[in-house]
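Q: Please take a close look at one part of this structure, the salt bridges, and walk me through them slowly, as I am new to it.

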Amino acid sequence: MATTLELKTEHNPSWCQGCGNYGILNGLKAAISQAGFEPHLTVLVSGIGCSGKDPHFVKTYGFEGIHGRVLPVATAIRLANHRLKVIGCSGDGDAYGIGGNHLLHTMRRNVEITYLVHDNQIYGLTTGQTSPTSIKGFATKSTPFGAIEEPINPVSLAIAAGATFVARVFVGEFNHFKQVLAQALKHKGFALVDILQPCVTFNYLNTYQWFSQRVYKLDDEIGSEPPDRIKAFNRAQEWGERIPIGVFFQETKPTYEDQLPQLKEGPLAEQDISSVDIKKTLSEFI
Ligand SMILES: Cc1ncc(C[n+]2csc(CCOP(=O)(O)OP(=O)(O)O)c2C)c(N)n1
């Protein structure tokens, strides 16, 4: 295990001052340290976007892939070695736009990946176009007269798609964010954490103040109860004057990895494949 300080790399983030990504990065390092995950058995996988830089700043294994392809890469890593803790980092465009189809199928498969979506409701890296979670009417560079599309609600989408852990947090509620993150990292299955993370440069609407006035913690209003998708879905519909944060839904189910016969003998990466003739397969690619 490593301390938060030991998880720091020699690279420093250059996100805008006040960007919610700083809080997410600090919370993530603290959570990895507190959960006792060994850095050499932990992998951060990212796509393209401001959040795509996360693996550069955490001293674990890391893979910065291409836009929207975090989950195929993360799934492949889990299948090659399912002893590894795999954490995906995406923006809302990366996860819910170009990567949306991968998200649906990874959720229904229940691959054990903790997926942290840095949801700033805008394309930050490409300097401010609407994203799938931008509020209707939001005027940006790509929608100067206001977005005409309804936004995706990632929480209700995940509940409907069969995800086994679905949470929303606000990075401005830092202790609550860390507590939910710790729960997500412990979850045996796919965990979606939609992180409301204000973009201080391009999103003039969904600011820290805007969220602070609206968010409330589900835990303060409902006690512990057995998992119920319908109730969770209905709670997820609330968005506007009041925005619920916390764990909406969690259940335990076999993971994809648990059910694959090829993994019964242990991780593929540790299996003896010396007697397997792969020449025929390789020849198809040459
Ligand atoms: C295939 C492909 N299409 C488009 C792009 C351009 N591009 C880079 S990042 C990005 C969107 C970033 O938005 P988001 O995922 O929400 O992350 P943020 O930067 O806001 O954290 C786009 C469209 C790309 N790199 N690759």
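A: A good place to begin is a network of salt bridges that links R78, K85, E112, K188 and E257; the term salt bridge stands here for a side-chain nitrogen of Lys or Arg within 4 Å of a carboxyl oxygen of Asp or Glu. The model is a predicted one, in which local features need pLDDT of at least 70 and side-chain atom pairs count only at pLDDT 80 or more, while totals for chains, interfaces and linings use all residues. Residues are numbered from 1 along each chain as its sequence is written, and side-chain values use heavy atoms, with hydrogens and water left out.

The structure holds 13 salt bridges, and three individual pairs can be followed one by one.

Take K53 and E64, whose side chains meet in a salt bridge with an N to O distance of 3.6 Å. This pair links distant parts of the chain, since K53 sits in the loop between β1 (42-46) and β2 (61-64) while E64 belongs to strand β2, with their positions 11 residues apart in the numbering; strands are DSSP runs of E with at least two residues, helices are runs of H or I with at least four, and both are numbered from the N terminus. K53 has a relative accessibility of 34% and so counts as partly exposed, a class that lies between buried, under 20% relative accessible area, and exposed, over 50%, with a 1.4 Å probe and protein chains only. E64 is partly exposed too, because its relative accessible area is 31%.

Another salt bridge joins E150 to K136, and here the closest N and O atoms are 3.7 Å apart. Both E150 and K136 lie in the loop between β4 (114-119) and α5 (154-160), so the pair ties together parts that are 14 residues apart in sequence. The two partners fall into separate classes of accessibility: E150, with a relative accessible area of 60%, is exposed, whereas K136, at 47% relative accessibility, counts as partly exposed.

A further pair is formed by R242 and E238, whose side chains meet in a salt bridge at 4.0 Å, taken from N to O. R242 is partly exposed, its relative accessible area being 35%, and E238 also counts as partly exposed, at 28% relative accessibility.
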